[in-house]
Structures are given as C-alpha cells and as structure tokens.
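Me: I am new to this protein and would like a careful look at one part of it, with enough of the surroundings to place that part. Please take your time and keep the explanation connected.

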Amino acid sequence: MTSIRHKKDAMLDAARDCVLAVGVRRTTLTDVARRAGVSRMTIYRRWPDVRTLVADLMTREWADVVARVTPPGDGAPVRPQAVEALVAGVAALRGHRLFHKILEVDPEVLLPYLLQRRGTTQDTMLRAFEKTLRAGHRDGTIRAGDPARQARAVLLVVQSFAMSGHIVADGVPALSPEAFDDELRQILDRYLAP
C-alpha cells in the first residue's frame with residue numbers, strides 16, 4: 001500500500017510541477033507521466049484526463065492546508081482558536097503557490113466549486129467546521145445555532161476572502177493582506193460570538 005501511495009504522490013507531485021510551470025490548460029497527461037518517470041498508461045489508468053488529475057491534486061493540496069490549520073482541542077476557549085485557524089487557513093491558501101497559480105492563470109478550474117457543486121475539500125472543511133462549532137456550542141464561546149448552517153455560512157465567508165480578496169484589495173494601500181486578515185477576523189469573531 002505504501003508503494004502505491006508513494007507512486008500516486010509522485011504523480012501528483014509531477015502534476016503540481018507541470019501546473020506551476022505552464023498552468024492547467026497547457027499541462028498534458030503525457031507531460032505529467034514524463035515528469036513522474038512513469039508510462040502514459042500508468043497515468044491514464046488512474047486519471048482519464050487532466051481535469052480529474054488536477055481535481056485530485058487540489059484535494060490533496062488544500063486538504064493539507066486544512067489539516068495544518070485545524071484548531072487544537074487543548075481545552076482553551078474554542079471561538080478564538082477557531083477564528084485564528086480560519087484566518088490562518090485563508091492566509092495559507094493565499095500564499096500557496098499552486099492556489100495562486102490557478103487563480104492567476106486558470107481561475108475557471110475553480111468555478112465548478114463556486115457555482116455548481118461542492119468538492120471533496122469543501123466537504124472536509126464543512127465537517128471540520130461543524131465539529132469545531134459543536135465544541136464551541138458546548139463551551140459557550142460560539143453562539144447557539146444549527147452547526148450545519150453555521151458551517152456553510154463560515155465556508156462562504158472564508159471562500160470569498162481566499163478567492164476574491166486579492167481582487168477587491170488590489171491597489172488599496174490600507175488593504176494589505178494582513179489588514180484584510182484583521183477584517184476577516186472581525187467578521188468571523190462577531191458572527192460566532194454568543
């Protein structure tokens with residue numbers, strides 16, 4: 001199993017390198033196979049096209065960001081930890097080379113996840129948000145409410161800051177990334193406060 005996982009990671013690493021070099025539209029499965037040192041058939045058996053390969057790549061990369069910014073469960077008040085984790089997650093995505101490249105060169109790759117359906121990472125985020133919200137309900141630091149509805153509202157806010165923040169902040173000196181993070185922090189904290 002480890003060998004299979006290692007091989008898949010190597011192919012996803014190669015896909016990431018290709019997308020970083022030329023963007024999604026100009027990446028081919030043949031290029032990925034060559035860079036990964038595997039046959040084209042090895043790639044084609046797992047992914048029928050670049051779109052599905054890039055979807056798996058984004059899932060892996062964004063899930064890693066989510067895992068790194070999940071608030072710890074150390075008994076401290078939940079709301080401050082959750083807010084800081086969400087702000088850190090947006091900052092991590094903003095600084096993520098692959099995320100930045102896709103936003104810059106191939107933003108249409110992200111449109112289905114904004115307009116048509118949720119992706120695996122969004123579902124993972126919703127589950128993590130709901131778990132955190134329930135913990136905040138129990139310790140009284142997050143206002144009572146339906147955790148599924150609250151999690152979806154939080155996801156909408158976080159997505160907009162991650163994907164559109166650079167557009168609305170562009171050219172406004174008072175809206176540095178750090179200043180925008182402060183605004184996100186205020187929005188989340190006030191939304192979640194009891």
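How many helices and how many strands does the protein have? After that, please look closely at Trp 62: in which helix does Trp 62 lie, and which residues does Trp 62 touch, not counting residues up to four places away in sequence?

Reply: The model shown here is a predicted one, and the protein in it has 10 helices and 0 strands, so that, read along the sequence, the pattern is α-α-α-α-α-α-α-α-α-α. Along its principal axes the C-alpha trace spans about 55 × 45 × 30 Å, and of the 194 residues 41% count as buried. Among the contacts with a separation of 6 or more, 67% are accounted for by residues 24 or more positions apart, and Trp 62 offers an example of how parts of the chain that are distant in sequence come together.

Trp 62 lies in helix α4, which covers residues 50–69. Its relative accessibility is 12%, and because buried means under 20%, Trp 62 counts as buried. Leaving out residues up to four places away in sequence, the residues that Trp 62 touches are Leu 93, His 96, Leu 98, Phe 99 and Thr 121. Two of these partners, Phe 99 and Thr 121, can be followed further.

The partner to take up now is Phe 99, and here the rings themselves are the subject. A pair of aromatic rings is described by the distance of the centres and the angle of the planes. The structure holds 2 aromatic pairs, and one of them is formed by Trp 62 and Phe 99, with 5.4 Å from centre to centre and 85° between the planes, an arrangement that is edge-to-face. The pair links distant parts of the chain, since Trp 62 is in helix α4 while Phe 99 is in helix α6 (residues 97–105), 37 residues apart. Both Trp 62 and Phe 99 are buried.

The other pair can be set beside this one. The ring centres of Phe 161 and Phe 180 are 5.2 Å apart and their planes stand at 45°, so this pair is tilted. Here too the pair links distant parts of the chain, with Phe 161 in helix α9 and Phe 180 in helix α10 (residues 177–192), 19 residues apart. Phe 161 is buried, and Phe 180 is buried as well.

Thr 121 is the second partner to follow. Thr 121 and Trp 62 are 59 residues apart in sequence, whereas their C-alpha atoms are 6.5 Å apart in space. Thr 121 lies in helix α8 and, at 8% relative accessibility, counts as buried. Apart from its neighbours within four places in sequence, Thr 121 is in contact with Met 58, Thr 59, Trp 62, Ala 63 and Val 66.

From Thr 121 the view can move along helix α8 (residues 120–139), which packs against helix α9 (residues 147–169) at an angle of about 125°, with the axes 8 Å apart. The two helices are therefore oblique to each other, and α8 passes α9 in a right-handed crossing. On the α8 side the residues that meet α9 are Gln 122, Met 125, Leu 126, Phe 129, Glu 130, Leu 133, Arg 134 and His 137, and on the α9 side they include Pro 147, Ala 148, Val 154 and Leu 155. Sorted by class, this contact has 9 nonpolar, 4 polar and 3 charged residues.

Helix α9 in turn meets helix α10, the helix that holds Phe 180. The axes of α9 and α10 come within 11 Å and cross at roughly 165°, and the two helices are therefore roughly antiparallel to each other, with α9 passing α10 in a right-handed crossing. The α9 residues taking part include Val 154, Val 157 and Phe 161, and those of α10 include Phe 180, Leu 184 and Ile 187. By class, the residues of this contact divide into 12 nonpolar, 2 polar and no charged.

For a contrast with the buried Trp 62, one may turn to Arg 34 in helix α2 (residues 29–36), which is exposed, with a relative accessible area of 58%. The C-alpha atoms of Arg 34 and Met 11 are separated by 9.6 Å, and the two residues are 23 residues apart along the chain.

Conventions
Residues are numbered from 1 along each chain as its sequence is written. This is a predicted model: local features need pLDDT of at least 70, side-chain atom pairs count only at pLDDT 80 or more; totals for chains, interfaces and linings use all residues. Side-chain values use heavy atoms; hydrogens and water are left out. Helices (H or I, at least four residues) and strands (E, at least two) are DSSP runs, numbered from the N terminus. Buried means under 20% relative accessible area, exposed over 50%, partly exposed in between (1.4 Å probe, protein chains only). Contact means heavy atoms within 4.5 Å. Axes are lines fitted to C-alpha atoms, for helices over the stretch in contact, and angles run from 0 to 180 degrees between N-to-C directions. Angles under 35 degrees count as roughly parallel, over 145 as roughly antiparallel, 65 to 115 as roughly perpendicular and the rest as oblique. A crossing is left-handed if the near helix is turned anticlockwise from the far one by less than a right angle, and right-handed if clockwise. Ala, Val, Leu, Ile, Met, Phe, Trp, Tyr, Cys and Pro count as nonpolar, Asp, Glu, Lys and Arg as charged, and the others, Gly among them, as polar. Rings of Phe, Tyr and Trp (its six-membered ring) pair if their centres lie within 6.5 Å; planes under 30 degrees apart count as stacked, over 60 as edge-to-face and the rest as tilted.
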